[in-house]
Amino acid sequence: MRVALLLACVAAPLAGQSVGSHLEGRVPAAAIPVVDSLVQVAGREGLPTEPLVGKALEGGAKHVVPALIVRAVETRLDQLRSARALLVRGGDAPPATPAEVATVSGALRRGLPPPVVERVVGALPSEPRESALHAIADLVAHRLDADSSASLVIDAIHAGLRGGRLLDVSHAVLEEQQRGRTWAESFARVRDELPNVPAAPKPGEGTVQRARRPSSVSRAPTPP
Amino acid sequence: MNPIDPRIHRALDGEISREALPPELRRVVERLESAAALLATAPEGGRSVADRVLARLSRHARSPLRRLARWLAAPHPVTLRIRPVWSLALAASLVLLALLPEERSAPVLGEHEGIAQFVARFPGAHSVQVVGSFNDWRTGTIPLEDRDGDGVWRAVVVLPAGAHEYMFVVDDERWVPDYSANRFVEDDFGRENSVLIVRPVKG
């Protein structure tokens, strides 16, 4: 509680700060005042602002005209509001955390039907849902039925799997399918294995050895 | 060499009286005797000429540092005696060292960081880079490499765990999604971004 109060004290003044200087030189000047005001509105509403700033920077990098950038940022703001409303409907006590709002917004953008997202929110109260939603979105991206995918992932949650292990569930289904099984067979096989689904392979020692950090990352990204 | 009058020798040896000599010979005898007296005088401070020369030299001797500096600056003949087999081995080691790939130390990954591998096929491209939400869509931070020139470009990058949207930028102008990603999302600008899920390595 004390931590939340402290965070609120710190976040409130930050929410009112202009992001104009951050966008300057990277976003067309004509778009900056409008984007700035939209970001401030999001901050006042307790919504995450990073996705809006990121969208404006993306538009600037892609040399998009100012009107389109503003429209895309407005769209993102609406998506964030919808995501928060869904979280509240799913049982989260308002206000939903900005991180969860961004996660749910990203899942909706990836094409997950709102009722499916609500089911996951209800199955994982007060817990990060990012991995669960990604696991379902991965299956849906392979043209699997959204409801069946959500049921499997929720079964995995009930079996005790959390975080990255939920991504192992979708990975295992796709592996089974690649071995020639039908989707129904793949689902059934993975469900039978719960909670002991095989872990997705991790990067090898050589890969880690070769990895390097980007030469400059100005801020930590927020999930889309 | 002028012969010396034998009467001078005799006068100097005391065999004849000096007064018995003619005046010009008597003057020669006197000069010779005064020269002999001068030579017979004791050296300065009772020291020999050699002693005095050495004393003068030591007074001008340089400090050890100056002597060392002078020695270092001066050329010296150096003779190296190497067996051909050793010199060949040394040359081979140097060549091997130059040919070996540069070994980099592995990055230390944080609790919420993972590894992302980007692979894309762009034959004929001069440059390929990846931009996305992880680098604020900033170009120039993650270039891909095609070391063997086969048109397959690669990069292995440490990124924060989570979902990231990204695209490839080919030759600094062409924006292309990663078609191998299997995850896509509308970018709200009429195109699609690829979506990458980075799992924490220490998870």
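**View 1. Asp168(A), a buried acid in a predicted model.** Asp168(A) has a relative accessibility of just 1%, so it counts as buried. Bear in mind while looking at this close-up that the model is predicted. Asp168(A) pairs with Arg165(A) in a salt bridge, with N to O at 2.8 Å. Both residues sit in helix H10 of chain A, which runs over residues 164–178, and they are 3 residues apart, about one turn of the helix. Arg165(A) counts as partly exposed, because its relative accessibility is 26%.

**View 2. Asp168(A) again, now with its partner from chain B.** Which residue of chain B forms a salt bridge with Asp168(A)? Look for Arg199(B): the closest N and O atoms of this pair are 2.7 Å apart. Asp168(A) is in helix H10 of chain A and Arg199(B) is in the segment after E7 of chain B, so this pair joins two chains. Arg199(B) has a relative accessible area of 29%, which makes it partly exposed.

**View 3. Glu58(A) and Lys62(A), a pair within chain A.** Here the salt bridge is between Glu58(A) and Lys62(A), and their closest N and O atoms lie 2.8 Å apart. Are these two buried or exposed? Glu58(A) has 2% relative accessibility and Lys62(A) has 6%. The cut-off for buried is under 20%, so both residues count as buried.

**View 4. A salt-bridge network with members from both chains.** Pull back from a salt bridge with its closest N and O atoms 2.7 Å apart, that of Asp168(A) and Arg199(B), and turn to a network. Salt bridges with shared partners link Lys55(A), Glu58(A), Lys62(A), Arg109(A), Glu165(B), Asp187(B) and Asp188(B) into one network. Glu58(A) and Lys62(A), the pair in the previous view, are among them. Over all chains, the structure holds 26 salt bridges.

**View 5. The contact between chain B and chain A.** On the chain B side, 44 residues are in contact, and they meet 45 residues of chain A. Together the two chains bury about 3,900 Å², with 52% of that on carbon and sulfur atoms. Which three residues supply more of the area that chain B buries against chain A than any other three? They are Asp136(B), Phe189(B) and Arg199(B), which supply 19% of that area.

**View 6. Polar links and strands on the chain B side.** The interface of chain B and chain A has 7 salt bridges. One example to zoom in on is Glu113(B) with Arg213(A), whose side chains meet at 2.7 Å, N to O. There are also 16 residue pairs in polar contact across this interface. Five strands of chain B each supply at least two residues of the side that touches chain A: E1 (113–121), E3 (152–160), E4 (162–170), E6 (184–186) and E7 (192–198). E3(B) gives the most, with 6 residues. Sorted by class, the side of chain B that touches chain A has 23 nonpolar, 10 polar and 11 charged residues.

**View 7. Chain A on its own.** Chain A has 12 helices and 0 strands. Of its 224 residues, 46% count as buried. Among contacts in chain A with a separation of 6 or more, 66% are between residues 24 or more positions apart. The accessible surface of chain A is about 10,700 Å², and carbon and sulfur atoms account for 58% of it.

Key:
Residues numbered from 1 in each chain as written. Chains lettered and ligands numbered in written order. Predicted model: local features only at pLDDT ≥ 70, side-chain atom pairs only at ≥ 80, totals over all residues. Heavy atoms only, no water. Contact = heavy atoms within 4.5 Å. Buried area = accessible area lost by both parts, 1.4 Å probe. Salt bridge = Lys/Arg side-chain N within 4 Å of Asp/Glu carboxyl O. Polar contact = N/O pair within 3.5 Å; in protein donor to acceptor, adjacent residues only side chain to side chain. Helix = DSSP H or I, 4+ residues; strand = E, 2+ residues; numbered from the N terminus. Nonpolar A, V, L, I, M, F, W, Y, C, P; charged D, E, K, R; others polar. Buried < 20%, exposed > 50% of the residue type's maximum accessible area, 1.4 Å probe, protein only. Areas by Shrake-Rupley, 256 points an atom, 1.4 Å probe, with all protein chains shown as cover.
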